[in-house]
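This briefing introduces the metal sites of the structure shown below. It is intended for a reader who is new to the structure.

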Amino acid sequence: MLRIGCHLSSSKGFLDMARTARSIGATTFQYFTRNPRGGAAKEWNAADIEAMLMLFEQTGIGSPLAHAPYTINACAKEERTRQFALETLADDIRRLEMIPDALYNFHPGSHVGQGAEKGIELIADALDQVLKPDQHTTVLLETMAGKGTEVGRTFEELRSIIDKVKLSEKVGVCLDTCHVWDGGYDIVDHLDDVIEEFDKVIGLDRLKAIHINDSMNPCGAHKDRHQKIGQGYIGTEAFGRIVNHPALKDLPFYLETPNELEGYQEEIALLRSLAR
Ligand code: FE
Ligand code: FE
Ligand code: ZN
């Protein structure tokens, strides 16, 4: 059965997110590890996490995906900014060890004019500093739209990062449908080719999660403006093929569309109706 959910507010804790997910027919969810606008992160409450895991067992909800603040930049030009990204990643990974086999997604970063190669080097270096041999958390690089100087628009760039990381067995990829589309991968008319390309360049064994979003812009626009499912350039039919693709259908799907809970509930039902 399709494992699908949406981005939820983490302000009321883990059990609240699991209950909210259940109330809208979701079987998974994504959340920010901390306020994306900065500030120190709260320590997580072990009893709250226990209660969430118990509800998971009763309801079949699972695979919560932690998202790092999108404001960090592991390949910034300023040392201070890179250091802040390092501390955030390390602290999030430390707290995520409270959740069994956690998935932790982050935006690789923007090279801000230093060039993609330098950016790749700095990102790999950051991962080398924060990944620990005994951690159970898998860190996911998100495929990016290629807005500005974002690193990670091409599968080759993500592959280069992974190749440079020593503990690369702790690293996977989260594919964002809006981002790859905006980045120039035609998942509407050539989904099989794009998946094949991903497999050839990165390897499908690295693919751990899907951000399922429509796009306000045509393929290759490099914009990154998410749209509601079926109301953008990707369209409902293409999403039907995406949720049923043999290489994707067993992965967890997370909506990051411009919606309130009610809208998410409708999109979850829509995507379930498309899944065979
Ligand atoms: Fe993201
Ligand atoms: Fe995303
Ligand atoms: Zn996005």
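**Metal sites in a predicted model**

Along the chain, the donors of the iron ion (ligand 1) follow the spacing H-x39-H-x34-E. The model discussed here is predicted. The points below take each metal ion in turn, together with the residues that bind it.

**The iron ion (ligand 1)**

- Coordination of the iron ion (ligand 1) is provided by His67 (NE2), His107 (NE2) and Glu142 (OE), at 2.1 to 2.3 Å.
- His67 belongs to strand 3 (residues 65-67), while His107 is found in the loop between strand 4 (103-106) and helix 4 (116-130), so the pair ties together parts of the chain that are 40 residues apart in sequence.
- His67 has a relative accessible area of 4% and is buried, because buried means under 20%.

**The bridge between the iron ions**

- A distance of 3.3 Å separates the iron ion (ligand 1) from the iron ion (ligand 2).
- Glu142 bridges these two ions, as it coordinates both.

**The iron ion (ligand 2)**

- The protein donors of the iron ion (ligand 2) are Glu142 (OE), Asp176 (OD), His211 (ND1) and Glu256 (OE), which lie 2.1 to 2.2 Å from the ion.
- In sequence, these donor residues are spaced E-x33-D-x34-H-x44-E.
- The angles among the four donor atoms of the iron ion (ligand 2) run from 86 to 174°, and the site is irregular.
- Two of the donors link distant parts of the chain: His211 is in strand 7 (residues 207-212), and Glu256 is in the loop between strand 10 (253-255) and helix 9 (261-274), 45 residues apart.
- His211 counts as buried, with a relative accessibility of 0%.
- Glu256 also counts as buried, at 14% relative accessibility.

**The zinc ion (ligand 3)**

- His179 (NE2), Asp224 (OD) and His226 (NE2) are the protein donors of the zinc ion (ligand 3), at 1.9 to 2.3 Å from the ion.
- The spacing of these donors along the chain is H-x44-D-x1-H.
- Distant parts of the chain are linked here by His179, in helix 6 (residues 177-182), and His226, in strand 9 (residues 226-227), 47 residues apart.
- His179 counts as buried at 2% relative accessibility.
- His226, at 19% relative accessibility, counts as buried because the limit is under 20%.
- The zinc ion (ligand 3) and the iron ion (ligand 1) are 5.4 Å apart.

Technical notes. Residues numbered from 1 in each chain as written. Chains lettered and ligands numbered in written order. Predicted model: local features only at pLDDT ≥ 70, side-chain atom pairs only at ≥ 80, totals over all residues. Heavy atoms only, no water. Donors = N, O, S within 2.8 Å, 3.2 Å for Na, K, Ca; no water. Helix = DSSP H or I, 4+ residues; strand = E, 2+ residues; numbered from the N terminus. Buried < 20%, exposed > 50% of the residue type's maximum accessible area, 1.4 Å probe, protein only. Tetrahedral: all angles 85-135°; square planar, octahedral: opposite > 155°, others 65-115°.
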